[in-house]
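Biologist: Could we go through the contacts in this model together?

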Amino acid sequence: MIQNAWLIPVFPLIAFIILLFLGNTLKEKSSYVGITAMALSFILSVIVLFERIGGETYSFTVNWITFGDSTITMGYEVTPLNAIMLIVVTLVSLLVHIFSREYMHEDKRINVFYSYLGLFSFSMLGLVLAPNVLQLFIFWELVGLCSFLLVGFWYFKPEAAAAAKKAFLTTRIGDVGLLIGIILLFNATGSFEYAEVFAHVEAGLVNDTMITIIAIAIFLGAVGKSAQFPLHVWLPDAMEGPTPVSALIHAATMVAAGVYLVGVMYPLFVASSTAMTIVAYVGAITAFFAGSIALVNTDIKRILAYSTVSQLGFMILALGTGGYVAGLFHLTTHAFFKALLFLGAGSVIFALHHRQDIRKMGGLWSRMRITSITFMIGALAIAGVPPLAGFWSKEGILAAVWEGGDIFLFILAVITAFMTAFYMFRLFFTAFTGEFRGDHEPHGENKKWMTIPLVVLAVFAIAAGFVNTPFGFWLEDFLLQGLTLGAQAHGELWLAGLSIVIALGGIGLAYFMYGKKGTVPATDTSNVSGVHKLLLNKYYIDELYQAVFVRPTVAIGKFFWEVDKGVVDGIVNFIGRATRSSGRTFAKRHDGQLQTYGLVTIIGGLAVIALAFVVRGYFG
Amino acid sequence: MMSNILSVLVFLPLAGALLILTIPKEHKNVIRSIATATAIVALLISLVIWGMFDRGASGLQFAQTVPWIELFFLQINYEIGIDGLSMPLLVLTTVVTTLAIFASFTIQTRVKEFYVWTMVLLTGMLGVFVALDMFLFFLFFELTLIPMFFIIGIWGGKEKIYASFKFLIYTGLGSAVMFLTFITIFYQGFLASGQTQLTFSIIELAQIFANPANPEILTSGLRAGLFLALFIAFAVKLPIFPFHTWLPNAHVEAPTAASMILAGVLLKMGGYGLIRVGIGIFPDQAQRFALLIAILGLVNIIYGALLALVQTDLKRLVAYSSISHMGIVLIGIASFTASGMQGAIFQLVSHGFISALLFFMVGAIYERTKTRTISELGGLSKTVPILAGFTIAAAMASVGLPGLSGFVSELLAFIGVFGASAEILPAAKTIGVIAGLGIILTAAYLLWALQRTTFGPMDEKYSGLPDARPMEYIPMIGLLGFSILIGVYPNILSDVINITVIDILSKIGG
């Protein structure tokens, strides 16, 4: 079956095409088309993974374009890394498809929604299966398109329209870096194929400066897509999209593509210590910075969004300090528990008639039991409480950072881990415990369409970490097949102890501040000061970008437009007026009569011949 | 028929025009049918030629030379033929024109004249792409001017008279420069050839200029001057800053169908002429000016994009986007690499489809809302979801989204620029990075436009507007379809272009 891996992205593509043409007829039934397609993709992905574990491998290419004597090919291949990604993407996508059937069923455009989900799943799976970095880029842009369409799904809300644009544009900035990076790579190695590129790099055929430049340029793409500082600004706004979309695209899959990119290009990054340092620092700063914003936010989705940014920073940090397996392991576990948290938030929002402010929640534990329990499991997992999935992967990251030897990075990572546990349980205690503080009593637990995906994801949030524990590094052995990376760092016992202390400490602090006394984050934030104000305003980065980039660009555009109208065109009009006064006699002849123009043409032709005679006379 | 197939293709629309002339003007539907049928037949013929085109052969195909005007020392031939450069443009011309005709059925006034001019225009455009004799080339080039002048001037918008005269005078001046340059080329070529007859053949002139019998005559200064003169002549058409100001007026005032042809095909004659005649006869000189060409390309990209960003009129925004996108052609050429050159040709073709689609969408929206002012639109996804969907697709194609043709041309041009040799194009990587900023700006102005037109709250006065009519699907699906086809499988195009590009580059320094 592994040679049929290409079908995995094709199923959702077919769903997209069917819904494009028949969606209006199918309406609510569109969900079944999407769910069926994703179920098929998931089953096939499981088979492919097992065959890959069994040692089977397959790749296929076809010529795509030829220029000069270069040929670019497209195709697909199954590697250990993408076999795992296939599972993550198809499983989360399938569950989101199921969840959305209930979540979106009141929306008249549910068929459009499912068609976009299909297009997204196709693109994301295509990205994962790509055997070369150009093909990855192609699908990379397509997932960006789907993100744009889905963030702007409720296009009639001005905030959604603005957020969609912001998401596309901000990631586009990184994408240009990525495009330039892979083009430089192509010019340096003559290929986009991973294997060939790495062979060139490892053989020392590309000079060190160029490797560093290429790696940094490629990393820009990851910074945009995985919402790393300073291009993180789009992801919190992207929460304007429907919540299942946030779970699928903006938590589990697309935003992780940046991490995945660094993962697949890892031999290149490893070849440049400068690039690795930059990667590590960007990751660490992002993790800390986004985590700190999450401490004070009160919108359930935005807290999760900043948490996602922070966790992606964690993964990037791991990759930058040599923790290849740790970073990708965290990508996998995070996909499950963050999708769980987002869908849980979706379940709450749905029950509360689309209210997202945690200060208006409270007491959901008794009203929505399944949602509450699964949400708590997700929160425990992300906080890093053993033996849940997040514990194992986060511990791997801390081990890699410690091994990396930069104590500053390690401290940032530890503080971030602490903040993570704190803000997640600040959210949990505020929203789920205490008294209900909203104005609309929730309608109780949601239907099975919504709760079953939560339960499935909760199981994975608990168990997904067991693939890579000190009792057996199965994932590590699998991922490192065919790679020549150094040994991966494994944490010692003290580190595990520290992880547990951090997690429990954060949870404990949240309990004393919000859980025990039932205190709610203040509604009136007008007189907060200092750091708190800075955090509430997200470090004023949006304002800064408006002032430094957006407004000046528009101003320059306006200035040039005046120049265009006044100077460039002014000269033309001046010449035109001068000519017209002399040409008024001729202008009268422009009367739309064919005959006149025939005559003019003939005269013109004669003039040409006459001129030819002049030329002859010239040298006659 | 097969040996004359190019001539049949070129003159078929002219025959269609003559046929229309015989129909009384009241029979609008008959006239429309004849025009449509003629265009479709031309399209089919061009596809037959596409199918028969030998992808593995270098040099000219379907060539035909008939002595035409022999006057004293003048030897003007009816010399036509195509290679990998003209082949795609030929198909582009028939496709865009046919689909533009479908978009023109809303025209109700002076229908007969409109289609006569459109048919003449089609012959002119096809002629430009097949002519290999400079005299013939010039005639066809001029033949496109007059119909477009009338189409803008008669069927245009509020400021049609100003726009049409500006178009005529501007491109006419370009033609004058071209004419004088051609004359000088003939004359100098004649002197240098040592022959007794004055040839007008582009191919022969290229050979003479490459290996003159009398090298003292063709000094490098003269050649450089002639190349620059040609460059300016074609710069007006492409258009290249600062010769671009006719374009926004002409595009905005022209009726939808004419905007489609203008942006879709006419601009391409500038790029085509630059490669065919400019680089064809003066390959070494062209390469010497690589940096200048690249800088002008950058100016086009950035300046066009910045101006598009601040436009308040949707159609004018699309017009400035054309200026920006034609900059890609220039930087592709300036790299003097196989991929860059191919990227330039890809961009000519790709932009032809995409800009025609954009203009069609703007026209369809205007027809319904009676406004093109961006701030007065909004929420089109609600009122006219299908039109809005195609508008988003067209904008994405223009942004250079992979899977659509614009991406491939940008990719090729960028590979070319970043891979250009330092002797030919100094600071190539800086140029590439600045062009990259242009990509971001392109996304900025198009996405911002989408945010304010297709997205956002709907103005109540637009509720109940009719969505796409069956007849409108033809141009929309056709143009988007070609863009997707090239975007998904660019080999279909590079297959035809590659050998010609290698030929063009092999002439340099040889």
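Modeller: The following turns cover the contact of chains A and B, then the domains of chain B. This is a predicted model, where local features need pLDDT of at least 70, side-chain atom pairs count only at pLDDT 80 or more, and totals for chains, interfaces and linings use all residues. Residues are numbered from 1 along each chain as its sequence is written, and chains are lettered from A and ligands numbered from 1 in the order in which they are written.

Biologist: How many residues of chain A and chain B are in contact?

Modeller: Chain A brings 49 residues and chain B brings 52; contact means that C-beta atoms, placed from the backbone, lie within 7 Å.

Biologist: Which element gives the most on the chain A side?

Modeller: That is α6(A), with 16 residues. Elements giving two or more residues there include β1 (59-67), α5 (133-151) and α24 (541-587) of chain A. Helices (H or I, at least four residues) and strands (E, at least two) are DSSP runs, numbered from the N terminus.

Biologist: And by class?

Modeller: The chain A side has 32 nonpolar, 10 polar and seven charged residues. Nonpolar covers Ala, Val, Leu, Ile, Met, Phe, Trp, Tyr, Cys and Pro, charged covers Asp, Glu, Lys and Arg, and the others, Gly among them, are polar.

Biologist: Changing topic, how is chain B divided?

Modeller: Into domain 1 (1-280) and domain 2 (289-510), with bounds from an automatic or database domain assignment. Their centres, taken over C-alpha atoms, are separated by 23 Å. Domain 1 of chain B puts 41 residues into the contact and domain 2 of chain B puts 44.

Biologist: Which element gives the most on the domain 1 side?

Modeller: α10(B) does, with 12 residues.

Notes:
Contact = placed C-beta atoms within 7 Å.
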